[in-house]
Amino acid sequence: MMIIEEIMNKDVHSLAPTNTVKDAIVLMREKKIRHIPIVEQTGKVVGIITAHDLKNILPSTIKSDLNLTTYETPLENIMVKNPLIGHPLDFIEEVALTLYDSKISSLPIVTGGRLVGIVTTTDLLYTYIELTGANKPSSKIDIRVTDKPGILSDITEVFKMHHANVLSVLVYPSTKDEESKIVSVRVQIINPLSIIEDLRKQGFDVLWPNLPGVDLS
């Protein structure tokens, strides 16, 4: 299992509670970021401000002149106080669940009372893409199987026979019946037709891809 330290952004930019909305806008624009942890002089994370938070308090049309009262508002007045935080050794799956359950888009990472990084939903999504191999030239083959011991080994044996490099294997429940699973295999091959044919010869129910000339009904 991967830990957050492996994917978090360590070059994290923060502001103080006394900094203003204008400071946050300028920092977000300069660094092309959307989340800013708010940190006291002691180093403690006391809040967080997001681009969405700023959008909610700013005029619909942002003017070039930022010398308006709204822009001079201290961040401590609008920040989300006492935000949820993570630790570098937290598992990625746990952090993803925290973000999902809490409906938040970022998590400051703290150790020893000091801000050491930040992770966002975008970071987690990119990590998922990398882990599944979806960012590489590849093909995805979905197979519906009976949930029984040894079935995954039987499937991978077919790929081994074709000397196909398997990038990832995901297993999730079938929506049709409780006794079946969907095995989604991403393989580093552009034309998987011969693999699909051999899978079907072995009696496997290939759902995707639905290639022309191959009966996958």
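**Exercise 1. Domain arrangement**

State what distance separates the centres of domain 1 and domain 2.

*Solution.* The centres of domain 1 and domain 2, taken over C-alpha atoms, are separated by 41 Å. The model in which this value is computed is a predicted one. In the domain assignment, domain 1 covers 4–128 and domain 2 covers 135–206.

**Exercise 2. Val21**

Determine whether Val21 is buried or exposed, and give its distance from Leu58 in sequence and in space.

*Solution.* Step one is to locate the residue: Val21 belongs to helix α1, residues 21–31. Step two is its accessibility: the relative accessible area of Val21 is 0%. Buried means under 20%, so Val21 is buried. Step three is the spacing: Leu58 lies 37 residues from Val21 in sequence, and their C-alpha atoms are 9.3 Å apart.

**Exercise 3. A nonpolar surface patch**

Identify the residues that make the nonpolar surface patch and classify Tyr172 by its accessibility.

*Solution.* Leu125, Tyr128, Leu170 and Tyr172 make a nonpolar surface patch of about 380 Å². The elements giving two or more residues to this patch are α4 (121–132) and β7 (166–173). Tyr172 is part of strand β7. Its relative accessible area is 35%; this value falls between the cut-offs of 20% and 50%, and Tyr172 is therefore partly exposed.

**Exercise 4. A charged surface patch**

Name the residues in the patch of negative charge and establish whether Glu178 is buried or exposed.

*Solution.* The patch of negative charge on the surface gathers Asp147, Asp177, Glu178 and Glu179. Glu178 sits in the loop between β7 and β8 (180–187). With a relative accessible area of 81%, against a cut-off of over 50%, Glu178 is exposed.

Technical notes. Residues are numbered from 1 along each chain as its sequence is written. This is a predicted model: local features need pLDDT of at least 70, side-chain atom pairs count only at pLDDT 80 or more; totals for chains, interfaces and linings use all residues. Side-chain values use heavy atoms; hydrogens and water are left out. Patches are made of residues with over 30% relative accessible area and no salt bridge: like charges are joined within 9 Å, nonpolar side chains (Val, Leu, Ile, Met, Phe, Trp, Tyr) within 5 Å. Accessible areas come from the Shrake-Rupley method with a 1.4 Å probe; for residues, only the protein chains shown count as cover. A salt bridge is a side-chain nitrogen of Lys or Arg within 4 Å of a carboxyl oxygen of Asp or Glu. Helices (H or I, at least four residues) and strands (E, at least two) are DSSP runs, numbered from the N terminus. Buried means under 20% relative accessible area, exposed over 50%, partly exposed in between (1.4 Å probe, protein chains only). Domain bounds come from an automatic or database domain assignment. Lys and Arg count as positive and Asp and Glu as negative; His and the chain ends are not counted. The place of a charge is taken as NZ of Lys, CZ of Arg, CG of Asp or CD of Glu.
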